[in-house]
Structure formats: structure tokens, C-alpha cells
2 protein chains.
Amino acid sequence: MKTKVNQVKTWLNENRGRGAKLLQLMVQENSTRGNESGAQAIVIEKCRQLGLELDIWEIGDEDLKNHPAFSCDRHNFEGNPNVVAVLKGTGGGKSIILNGHIDVVPVGDSKNWTHDPFSGHIEDGKLYGRGATDMKGGSAALLLAIESLIKTGIKLKGDVIFQSVIEEESGGAGTLAAVLRGYHADGAIIPEPTNMKIFPKQQGSMWFRIKVKGRAAHGGTRYEGVSAIEKSVRVIERLQQLEKDRNARITDPLFNSIPIPIPINIGKINSGEWPSSVPDLAFIEGRMGVAPDETIPSAKEEMENSLQELNQTDEWFRENPLQIEWFGGRWIPGSLESDHRLIKELSASFQEIIGEVPVIEASPWGTDGGILSSVGNTPVVVFGPGITETAHDANEHIVLEDLYVASEIIALTIMKWCGVSN
Amino acid sequence: MKTKVNQVKTWLNENRGRGAKLLQLMVQENSTRGNESGAQAIVIEKCRQLGLELDIWEIGDEDLKNHPAFSCDRHNFEGNPNVVAVLKGTGGGKSIILNGHIDVVPVGDSKNWTHDPFSGHIEDGKLYGRGATDMKGGSAALLLAIESLIKTGIKLKGDVIFQSVIEEESGGAGTLAAVLRGYHADGAIIPEPTNMKIFPKQQGSMWFRIKVKGRAAHGGTRYEGVSAIEKSVRVIERLQQLEKDRNARITDPLFNSIPIPIPINIGKINSGEWPSSVPDLAFIEGRMGVAPDETIPSAKEEMENSLQELNQTDEWFRENPLQIEWFGGRWIPGSLESDHRLIKELSASFQEIIGEVPVIEASPWGTDGGILSSVGNTPVVVFGPGITETAHDANEHIVLEDLYVASEIIALTIMKWCGVSN
């Protein structure tokens with residue numbers, strides 16, 4: 001085994017450029033929602049070259065849409081498939097799912113980017129672009145790990161099921177579709193950008209939209225109206241208080257070093273049509289974090305009650321109650337015991353490659369891990385090379401060294417988990 | 001003269017239905033910005049029937065666009081003309097401009113309207129619809145007053161110059177175009193919705209747009225980013241404080257009964273693209289009131305300094321300063337001494353018809369009066385039948401009785417001002 005591990009490590013060290021090149025090609029394909037096909041084509045070609053068993057399909061059948069965990073406001077999946085590629089084991093070993101999402105969030109204000117958001121520009125050992133960190137870098141690390149095993153002639157006992165899914169950023173319909181298509185395993189690694197930390201627990205989350213009513217008036221007599229913007233400030237303050245209250249209850253040591261374990265993010269506000277009219281309507285959209293030991297319905301109820309309280313205490317809201325809608329994205333929280341064998345073997349591999357004990361924390365965001373574990377009954381750990389802080393930000397980037405090191409750690413973990421035939 | 005006045009009053013009493021019908025036709029034509037032609041066609045037809053000298057033209061020539069008082073972000077005026085209709089006097093009297101704008105603001109959330117916003121629905125003596133009060137009702141009162149003088153055979157000495165202009169709601173380019181075309185007079189009445197109050201002074205105003213920067217991040221690690229929405233709340237608070245400070249300085253007794261003499265209205269906010277991203281950009285748009293004795297540049301400077309202070313005291317804004325842009329609408333403030341002969345004659349007519357002393361105040365909003373007086377050298381009083389509170393609001397309406405009474409007052413004022421030949 002030691003010789004084989006060394007062969008893999010040597011191959012990976014000699015073929016780092018392949019990982020960088022693959023990631024660059026993936027980043028250069030804009031795969032924002034509805035545009036995933038170009039990046040998937042790069043993945044498909046790579047899997048074909050590796051000789052994996054490919055399963056490529058457009059999601060969106062009735063089974064998926066009727067599933068209780070389906071949470072998605074997208075209607076058209078045509079031309080933007082899910083991809084699963086299997087490296088069959090020789091038998092007798094544990095199987096593993098390696099799951100990455102291909103979709104990326106919008107680029108934001110492109111003026112804030114130094115390079116084109118889809119340049120894949122490499123400078124000082126970093127690769128730049130939307131998705132570099134979240135999480136094409138993770139997927140490239142998975143593919144590089146698989147390639148190293150194949151190229152060094154390792155025969156695994158258990159199956160390796162590589163998944164490149166769509167829709168993670170909007171609620172996990174891609175991974176849910178893969179689960180419903182029958183893909184389960186004894187364990188799963190999702191290389192989301194964890195800064196090389198290991199996350200046995202994943203925060204859940206869901207999106208909300210709050211409708212705030214005002215009363216229109218001419219801006220010159222604004223005292224005759226009620227500003228939906230001013231009332232929205234009250235709602236924002238209420239959400240900030242709710243976030244504070246909810247986080248004060250978190251005692252899990254895995255959250256110890258996280259400033260706000262389960263944030264409530266206010267991501268959008270739109271109000272008003274005319275500078276000199278008092279706005280009569282505002283929409284606030286955001287994302288509510290859900291603790292790993294909490295359920296989605298109980299978190300929703302807490303926010304609904306909090307807004308209900310505001311409806312009762314504020315004179316205007318008493319007559320014009322706030323309305324909340326849960327729409328679009330929803331990520332089920334996930335939780336694996338910290339002493340699960342998958343965590344242990346990943347940690348051991350980490351220590352073997354890096355020479356340090358890994359940081360084990362709870363994830364600050366939802367991942368597809370909740371669906372894999374709660375619907376797919378697959379134990380999940382989240383661990384990847386990307387930089388948490390640059391995810392969703394301008395100038396998103398990844399440190400290529402981390403990608404290579406993550407590939408080594410993952411390759412080693414796969415060997416231990418799936419077992420190697422002689 | 002007394003007989004003639006009585007003839008006019010009698011005619012107006014017997015022909016109230018004409019005013020209601022005319023207003024209904026005008027309201028039924030949606031004349032939001034860029035769509036003014038239909039309502040102008042109604043006005044043109046009425047003026048043609050009255051035998052007035054019509055001047056119909058598309059504004060937007062170089063003289064207009066190069067004028068320092070021109071403040072307009074509209075590029076295409078084709079097909080939506082300005083209308084001026086003159087009733088020539090016999091000579092030797094004072095001339096009067098009767099100015100109304102045909103453009104109306106957007107309807108806002110149409111769900112808040114009981115009837116279609118362009119229904120012109122009449123119920124309980126009220127006529128409903130966008131523009132009923134602001135200010136097609138005022139224009140209808142002017143036309144009814146002119147009609148009463150013509151139909152009763154009154155020969156005026158001075159010219160009556162009726163104007164139906166576009167673009168008042170966006171900064172007065174229509175009235176400015178009429179001034180530059182050569183229309184001046186010894187006095188002017190603008191029947192904006194004053195609740196039958198007389199406004200010798202008009203507040204000025206202008207539009208602003210503030211750009212607020214944030215730093216994007218994933219919503220799950222929102223503490224890594226800086227929310228442009230949260231920073232916008234700081235800006236909103238600062239604008240509220242500035243409004244308070246500016247209004248504390250207003251001592252003019254004409255503002256005594258106005259809760260906020262020169263409001264700063266925050267009319268729009270837009271921020272964020274994605275519920276689970278920290279928004280990195282916000283735009284706040286609004287309208288700043290300018291006191292009658294203040295200049296536009298000095299008011300702008302005060303707001304710019306106030307934001308500059310925030311840029312210096314807030315750590316984030318120090319590195320990412322707020323940017324302000326003055327765009328679109330701008331209304332020059334106007335001021336006429338309260339004992340001007342035009343005010344006196346209007347007040348006397350008011351008292352003669354209603355039997356009460358009129359309320360004389362400063363206007364809570366900008367009107368085209370600033371352009372008529374400062375560019376056109378025409379003394380201006382603002383007085384009209386509409387309901388200030390319903391302007392720009394859902395279910396905008398006018399009390400038809402007020403329209404009829406305003407017609408009488410205006411007809412009487414015209415007779416006194418222009419003089420009647422025997």
C-alpha cells in the first residue's frame with residue numbers, strides 16, 4: 001500500500017499542470033444558472049478521456065418535481081444536463097460519491113473584477129474567475145485525484161461515483177435528481193470551498209422574500225404617505241435581532257470560531273418607481289441559515305413568528321401586515337458524527353499529506369450534503385481546497401497549491417475508503 | 001362689470017357637466033412620460049372648439065437643450081407635443097399665462113387602486129384616476145373658465161395664454177420650452193393641486209442618486225463581506241438627519257402649518273442580485289426639497305457636504321466613498337411677495353366666490369412656477385382644485401365641486417387682471 005500511495009503522490013506532483021489546465025477550461029465556461037452546458041461539456045470530455053462510465057441526463061421529471069425535498073423555481077432544464085461518471089470497483093469495498101456542483105452565482109458588479117470574471121487568469125499561483133473557488137476548483141481536484149488513481153494503475157474495490165451537478169446554488173435539485181436516479185454510496189465527499197477545513201456538519205438554509213407595504217404620496221408631502229423603504233428598515237432591524245437571538249443559542253463547539261454560525265443574509269431589496277414619490281411597496285429577499293440540529297420547518301416558523309410580532313407591535317404593520325414567502329433555494333442541514341470512519345480516514349489522510357491536524361468545524365453554508373445524507377442516506381463530509389471568503393465575491397480565486405494538496409488528500413482517502421485490490 | 005360677473009357665474013353653474021366630462025376624457029388618456037399625445041389631443045380639440053389660436057410643437061431644439069435651466073434625461077419628444085392656445089385680448093390690459101402640465105406620474109402598484117387608474121370613474125362627486133388631481137383637474141378648470149368667458153361674450157383687454165405642457169413631473173422642460181418660444185406675461189396662475197390654498201412661494205426640488213458600495217461575499221459567511229444594504233441604512237439615517245436639520249431652519253410663516261416644509265424623499269432603492277450573496281452595490285434615489293429663498297446649488301452643496309461627512313466618519317465609506325449624482329428632475333424654487341397684485345386679486349376673487357379668506361401658504365413641492373418666474377420673468381401664483389394628499393397616490397381623485405368653484409375664482413381673476421372692454 002505504501003508503495004502505491006507514493007506512486008499516486010509522485011504522479012500528482014508531476015501532473016499538477018493538468019489540474020490547473022482543467023480548472024481553467026471549466027472557469028472559462030460561464031455556468032451561471034441556465035448556462036451550465038459549456039462547463040459540463042469540459043467535465044464530460046475529461047471523464048470520457050479517463051474511461052469512466054458516463055451517465056448524462058436532463059433533470060426535471062415528475063418524480064423529482066413531486067419529491068418533498070425538491071425546492072426550485074426553474075422550469076427549463078433542457079440542454080443543461082447533470083453528469084455522473086462511475087469508476088467501477090473490483091468488488092468488496094466501500095463505495096464513495098464525489099460530488100461537485102457546476103453552477104456558479106452571478107458575477108455581481110463586473111467593475112469590481114480586476115480580470116474578466118470568466119478569464120481563468122493565473123497569477124502568483126492563484127487562478128481567478130467566478131467558480132474558481134465555488135466550486136470548480138473542488139471538482140477539478142476530484143477529477144485529478146481520480147486520474148492519479150487510474151494513471152498509476154490502482155485497482156479500487158469499491159465504486160467511485162463522480163457527480164457534476166447543476167442547481168446547487170439554487171437549492172440542490174441536481175443532487176436530488178442524482179439521488180432519485182439511484183446513486184447512493186457508503187460515503188460522500190463534497191469539496192466545497194472549506195479553506196481545507198473538514199466539515200462533518202453542514203448548515204442548512206433557505207430563501208425568503210418579505211413584502212413590505214407602504215402608502216404612496218407625492219415626495220413633497222411625504223408626511224401624507226408611508227414609505228415602504230422606511231418600513232423596510234424596521235424589517236431589516238428585526239431580522240438583525242432575530243439573527244442575534246438565534247446565534248446566541250448555538251453551543252456546538254464545531255461553531256466556536258465562526259463569528260455568526262447561522263447568518264440571516266439580506267441579499268436584495270427593491271422598492272419604489274419614482275424619486276419624488278413615496279414608495280408603496282418593497283421586496284426584501286434573503287437567506288436564512290439553519291443549524292445542523294434544527295429542522296427547516298422550525299426555523300421558518302421562528303422567522304414567521306418574529307415577523308408576526310412586528311405585525312402586532314407596529315401600528316402600520318397591524319393594518320398592513322408583512323407577508324413572507326419561502327421561494328427558490330433551500331438546503332437541508334446535514335450532520336455526521338465527528339468520529340465517523342469517513343471523518344477519521346479523511347483526517348488521517350490530511351495529516352499524512354500536510355503533517356498537521358485538520359481543523360474540524362461546522363460549515364457556514366448549506367451544501368448538497370443535506371440531500372445526500374437525508375434523502376440519499378449517504379454519510380457526507382465536506383472538505384475542499386477553495387477559499388470560503390472569495391466565494392460569491394468579486395475576484396473569486398483559488399490557490400492552486402491547495403487544489404493539488406486536496407487532490408492528494410482525496411486520492412489517499414479514496415484508496416483507504418474503497419480499498420485497493422492487490 | 002357686476003352683471004358680467006354674474007353672467008359668467010351663471011354660465012359656469014349651468015355648465016358644470018362640461019368640466020367633469022372634459023376631465024374624464026383627459027384622465028382616460030394615460031399620459032405618463034412619453035405617452036402624452038392622447039391627452040394632448042383632447043386638449044387640442046377643446047381649444048379648437050373654443051376658437052383659440054393654437055400653437056402645437058415638439059420640444060427639444062438646441063436652444064432648449066443648451067439652456068442652463070434645462071434638466072431632463074429624456075431624449076425623444078417626437079409625437080408628444082407641447083400645446084399653447086391664446087385668447088387674444090383687445091389691447092391695453094395685462095396678460096396672463098394659465099399653465100397646466102399634462103404628464104402624470106406612474107400608477108405605482110395597480111393592485112392598490114379600486115378602479116382602473118385610467119378609468120375617470122365618477123362616484124359621490126369625485127372623479128378618480130391618475131392625473132385627476134395632479135393636474136388634469138386644474139387644467140380642466142382653466143379651460144372651463146376660458147369657455148365661460150367666451151360663451152358669455154366677455155371681451156378681455158389682455159391676452160390669456162393657456163399652456164398644456166409636458167415634462168413637469170420630470171423637471172419642467174415643457175414650460176421652459178414655452179418660455180424660450182417667447183411666451184411671457186404679466187402674471188401666471190398654475191392650478192396645481194393646492195387644496196384650494198394660494199401658494200405665492202413654491203418649493204424647489206431636484207433628484208439625486210446615491211451609489212453605495214459594499215463588498216460581496218457568500219451569505220453564509222456574510223461577516224466576510226460588507227452589505228451595501230446595511231450601509232444604505234446608514235445613508236438613509238443620514239438623509240433623515242439632514243432633512244431634520246434643514247427644516248429646523250425654516251422660519252417663513254407661510255410654512256407654519258406644513259409638517260415638513262422641505263422634505264427629502266427617498267423614492268427608490270435597489271440593491272443585490274442574489275438572496276444568498278452579500279450585496280456589493282446599492283442605488284438610492286430621491287428628491288430633495290429646496291426652500292423658496294434658497295438656491296439649487298446651495299442645497300446641493302449642503303447634501304454633498306453631509307455625505308462627505310459620512311465618508312469621513314465611517315471607516316468603510318472612507319475607503320469606499322458614497323457617490324452622489326444629480327439627475328433627471330429639477331424644479332427651480334419660486335417666490336412672489338404676498339402683497340403682489342396678482343395674489344391680492346386672486347384672494348379677493350376667492351373671498352367673493354367662497355365667502356372666506358383663503359389660506360396662503362408655501363407649496364410643499366416644486367412646480368413649473370420657478371421656470372416661469374426665474375427664466376420667464378412672469379410673476380406666478382399656484383392655486384388649484386386638486387387634493388394635495390392624493391397626488392402621486394393610488395386612488396388619486398378630485399372633488400368635482402372644487403373644480404367648478406376654482407373655475408369661477410379663476411374666471412373672475414382673469415376678468416380683473418386682464419380687464420374687460422365695454
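**Exercise 1.** Which residues of chain A does UniProt list for "domain: Peptidase M20 dimerisation"? Describe the make-up of that stretch in this predicted model.

*Solution.* The unreviewed UniProt entry gives residues 202–311 of chain A for this domain. In the model, residues 202–311 of chain A are 34% helix and 26% strand. The C-alpha atoms at the two ends of the stretch lie 32 Å apart.

**Exercise 2.** Determine what span helix α3 of chain B reaches, which of its residues are buried, and what covers them.

*Solution.* Step one concerns the span. Helix α3(B) covers residues 37–50, which is 14 residues, and reaches 20 Å from its first C-alpha to its last. This is close to the 20 Å expected at 1.5 Å a residue.

Step two concerns burial, for which the cut-off is under 20% relative accessible area. The buried residues of α3(B) are B:Ala39, B:Gln40, B:Ile42, B:Val43, B:Ile44, B:Lys46, B:Cys47 and B:Leu50. An α-helix has 3.6 residues a turn, so residues three or four places apart point the same way.

Step three concerns the cover. Among the elements over these buried residues are α2 (16–28), β1 (53–57), β2 (82–87), α5 (132–151) and β6 (160–165) of chain B. Just after α3(B), B:Gly51 adopts a positive phi of about 80°.

**Exercise 3.** Establish which way the residues of strand β15 of chain B point and how this strand pairs with β7(B) and β8(B).

*Solution.* Strand β15(B) spans residues 380–383. From it, B:Val380 and B:Val382 point one way, while B:Val381 and B:Phe383 point the other way; all are buried.

Next comes the pairing. Strand β7(B), residues 187–190, runs parallel to β15(B) over 3 bridges, and B:Ala188 has B:Val380 as its bridge partner. Strand β8(B), residues 198–202, is antiparallel to β15(B) and joined to it by 2 bridges; here B:Phe199 stands opposite B:Val382.

**Exercise 4.** In what order do the strands of the sheet containing β4, β5 and β16 of chain B lie, and which helices pack on this sheet?

*Solution.* The 3 strands form an open, antiparallel sheet in the order β4-β5-β16. Strands β4 (122–123) and β16 (397–399) of chain B each have a single partner strand, so one side of each is left without a neighbour in the sheet.

Between β4(B) and β5(B), residues 126–128, there are 2 bridges, and B:Ile122 stands opposite B:Leu127.

Finally, the helices are placed. Helix α2(B) lies across β4, β5 and β16 of chain B, at about 15° to β5(B). Helix α5(B) packs on the sheet and touches β5 and β16 of chain B, its direction making about 45° with that of β16(B).

Conventions. Residues numbered from 1 in each chain as written. Chains lettered and ligands numbered in written order. Predicted model: local features only at pLDDT ≥ 70, side-chain atom pairs only at ≥ 80, totals over all residues. Heavy atoms only, no water. Helix = DSSP H or I, 4+ residues; strand = E, 2+ residues; numbered from the N terminus. Expected span 1.5 Å × (residues − 1). Buried < 20%, exposed > 50% of the residue type's maximum accessible area, 1.4 Å probe, protein only. Contact = heavy atoms within 4.5 Å. Pairing = 2+ DSSP bridges. UniProt positions renumbered as here; feature names shortened; annotations may be inferred. Axes fitted to C-alpha atoms, helices over the stretch in contact; angles between N-to-C directions.
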